[in-house]
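User: I would like a close look at one part of this model, with the rest of the chain as background. Please keep it plain enough for a first-year student.

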Amino acid sequence: LAAVAGIGAYIVNVLTRPKRLDTFSLYTFSPFELGVPAEDVEFPSVGGTHGVNGWYISHPEAKTTLIICPGYRGTKTDVLGLSALLWKAGHNVLVFEYYGHGAVVGTQVTLGYREINDFLGAVEYAKQRAPETRLGAVGYSMGAAVSIMAAARTPEIEALVADSAFATHRRVVAYAVWRTLHLPFLIFDWITDLLLLWRAGYRLNQVEPLRDSGRIAPRPVLFIHGEKDSIVNP
């Protein structure tokens with residue numbers, strides 16, 4: 001039991017611990033190198049007490065605003081290349097990083113549970129900046145999972161591209177445990193669930209994009225996944 005509890009605690013710690021980025025890595029790639037007129041912005045998370053960092057790239061002829069969401073522990077720099085291409089194609093672009101995942105460190109991350117509020121905050125900000133445009137979203141990995149869950153909660157997102165999303169929190173953790181420890185997650189499921197509730201305030205079954213995906217219809221969703229993905233089981 002002690003070993004099971006210890007491994008459960010380790011799983012929860014790895015899940016919720018933010019990745020501290022050194023100063024150099026934060027500034028090796030910026031909009032300046034791509035000639036993109038990105039504006040540093042900050043907007044509030046819905047229902048939260050923190051601000052969310054991002055770049056807003058305005059296009060004078062835009063009829064659409066696209067919200068771009070990086071993955072787990074990712075930064076807005078990770079998706080800057082795509083953001084630049086979409087801006088050059090005529091869209092407004094809002095790219096942001098989830099609280100605790102990028103430049104802001106020292107706070108727990110929750111693999112989608114609280115990050116939904118950051119996404120919904122981005123929707124509100126995009127509506128304020130360009131209320132005449134239609135909204136879409138592109139998300140990667142955890143960002144794709146969050147995009148699915150958030151789109152199910154707001155009709156403002158009219159189209160979604162979800163690249164490498166996980167189906168449920170429990171499944172992606174189980175896949176990681178099997179890949180790392182070569183043990184079935186079922187052994188640690190109950191203790192991990194309890195420790196997650198104690199440490200981060202939520203349970204595994206509260207993050208399930210699979211459950212929310214049907215609520216997006218009839219809006220279009222493009223799901224993309226690589227068959228050799230080693231992080232999220234295809």
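In which helix does W190 lie? Please start there and work outward to the salt bridges.

Analyst: The model is predicted. W190 lies in helix α8, which covers residues 189-200. With a relative accessibility of 46%, W190 counts as partly exposed, because that class runs between the 20% limit for buried and the 50% limit for exposed. Together with L1 and L194, W190 makes a nonpolar surface patch of about 380 Å².

Helix α8 also holds D193, which pairs with R203. The side chains of D193 and R203 meet in a salt bridge, with 3.0 Å from N to O. R203 lies in the loop between α8 and α9, so the pair ties together parts that are ten residues apart in sequence. D193 counts as buried at 9% relative accessibility, whereas R203 is partly exposed at 31%. Some background helps here: side chains of opposite charge can pair when their charged atoms come close.

The next element is helix α9, residues 209-213, where D212 is found. D212 forms a salt bridge with R153, and their closest N and O atoms are 3.0 Å apart. R153 is in the loop between α6 (142-151) and β6, so this pair ties together parts that are 59 residues apart in sequence. D212 is buried, with a relative accessible area of 2%, while R153 counts as partly exposed at 40%.

Strand β6 brings in another pair. E158 and R134 meet through their side chains in a salt bridge, at 2.6 Å from N to O. E158 lies in β6 and R134 in strand β5 (residues 134-140), so the pair ties together parts that are 24 residues apart in sequence. E158 is partly exposed, with a relative accessible area of 31%. R134 counts as exposed at 52% relative accessibility, because the cut-off for exposed is over 50%.

The salt bridges described above are among a count of ten. Salt bridges that share partners also join E124, K127 and E156 into one network.

After β6 (157-163) comes a loop that leads to α7 (169-181), and S164 is found in this loop. The side chain of S164 makes a polar contact of 2.8 Å with the side chain of D163. S164 is buried, because its relative accessible area of 16% falls under the 20% limit. Leaving aside residues up to four places away in sequence, S164 touches S141, I224, H225, D229 and V232.

Now the background of the whole chain. The chain has nine helices and seven strands. Its radius of gyration is 18 Å, close to the 17 Å that the globule rule gives for 234 residues, so the chain is as compact as a globular protein of that length. Taken along the principal axes, the C-alpha atoms fill a box of roughly 60 × 45 × 35 Å. Of the 234 residues, 48% count as buried. Among contacts between residues at least 6 apart in sequence, 71% join residues at least 24 apart. The accessible surface of the chain comes to about 11500 Å², and 58% of this belongs to carbon and sulfur atoms.

To return to the starting point, helix α8 holds W190, and W190 shares its nonpolar surface patch with L1 and L194. Helix α8 also holds D193, the buried partner of R203.

Terms used: Residues numbered from 1 in each chain as written. Predicted model: local features only at pLDDT ≥ 70, side-chain atom pairs only at ≥ 80, totals over all residues. Heavy atoms only, no water. Patch = residues over 30% accessible without salt bridge, like charges linked within 9 Å, V, L, I, M, F, W, Y side chains within 5 Å. Areas by Shrake-Rupley, 256 points an atom, 1.4 Å probe, with all protein chains shown as cover. Salt bridge = Lys/Arg side-chain N within 4 Å of Asp/Glu carboxyl O. Helix = DSSP H or I, 4+ residues; strand = E, 2+ residues; numbered from the N terminus. Buried < 20%, exposed > 50% of the residue type's maximum accessible area, 1.4 Å probe, protein only. Rg over C-alpha atoms; globule rule 2.2 N^0.38 Å. Contact = heavy atoms within 4.5 Å. Polar contact = N/O pair within 3.5 Å; in protein donor to acceptor, adjacent residues only side chain to side chain.
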